[in-house]
Amino acid sequence: MNAFHVFDTFATRATGGILHFDVVLPENDPALALRAARAWLATIGAPDAQVNPENCAYCHSTPDAPEDVLGEIAARGYAIYKLEGCPRD
């Protein structure tokens, strides 16, 4: 059984707004979580948002994930679960 690892992440936009989201990975790798957070921020037009290791912290692991999360991980190697302040598709 594979586990998925969740990193609770906060980023601060250059305009001062806060983005709160989870990075979900198939491995427990804090450096990869930080890189994934920064990559995702660039895809939403916020490449200048500040996120650092203290704001991208391991939260928990789970034995399964919803299909949409699995699809994102298969496509990009990570998934983003949007919480507060994040743009909705």
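Leaving aside its neighbours within four places in sequence, with which residues is Gly 77 in contact? The residues in question are Leu 25, Pro 26 and Glu 72, where contact means heavy atoms within 4.5 Å. The structure is a predicted model, in which local features need pLDDT of at least 70 and side-chain atom pairs count only at pLDDT 80 or more, while totals for chains, interfaces and linings use all residues. Residues are numbered from 1 along each chain as its sequence is written, and side-chain values use heavy atoms, with hydrogens and water left out.

It helps to begin with the overall fold. The protein contains 2 helices and 4 strands, and their order along the sequence is β-β-α-β-α-β. Helices (H or I, at least four residues) and strands (E, at least two) are DSSP runs, numbered from the N terminus. The C-alpha trace spans about 40 × 25 × 20 Å along its principal axes. A compact globule of 89 residues would have a radius of gyration near 12 Å, and the value for the protein, 12 Å, agrees with this; the radius is taken over C-alpha atoms, and the globule rule is 2.2 Å times the number of residues to the power 0.38. Among contacts with a separation of 6 or more, 57% are between residues 24 or more positions apart.

Turning to the surface, the protein exposes about 5,100 Å², of which carbon and sulfur atoms supply 54%; accessible areas come from the Shrake-Rupley method with a 1.4 Å probe, and for residues only the protein chains shown count as cover. Of the 89 residues, 35% count as buried, a class defined by a relative accessible area under 20%, with exposed over 50% and partly exposed in between (1.4 Å probe, protein chains only).

Strand β1 offers two buried residues to look at. Thr 9 lies in this strand, which covers residues 4-12, and Thr 9 counts as buried because its relative accessibility is 0%. A polar atom of the Thr 9 side chain lies 3.1 Å from the backbone oxygen of Phe 7. Beyond four places in sequence, Thr 9 touches several residues, including Leu 19, Phe 21, Val 23, Ala 37, Val 51 and Cys 56. His 5 has its place in β1 too, and at 12% relative accessibility His 5 counts as buried. The side chains of His 5 and Ser 61 are joined by a polar contact of 2.6 Å, a term for a pair of N or O atoms within 3.5 Å; within protein, one must be able to donate a hydrogen and the other to accept it, and residues adjacent in sequence count only if both atoms are side-chain atoms. Ser 61 is also among the residues that His 5 touches outside the four-place window, as are Val 23, Leu 25, Pro 26 and Tyr 58.

The closing part of the tour returns to Gly 77, located in the loop between α2 (67-76) and β4 (79-82). Gly 77 is partly exposed because its relative accessible area is 31%. Its C-alpha atom is separated by 8.4 Å from that of Ala 36, 41 residues apart along the chain. In strand β4 itself lies Tyr 81, which counts as partly exposed at 48% relative accessibility. Not counting residues up to four places away in sequence, Tyr 81 touches Phe 21 and Asp 22. From C-alpha to C-alpha, Tyr 81 and Val 69 are 8.0 Å apart, with their positions 12 residues apart in sequence numbering.
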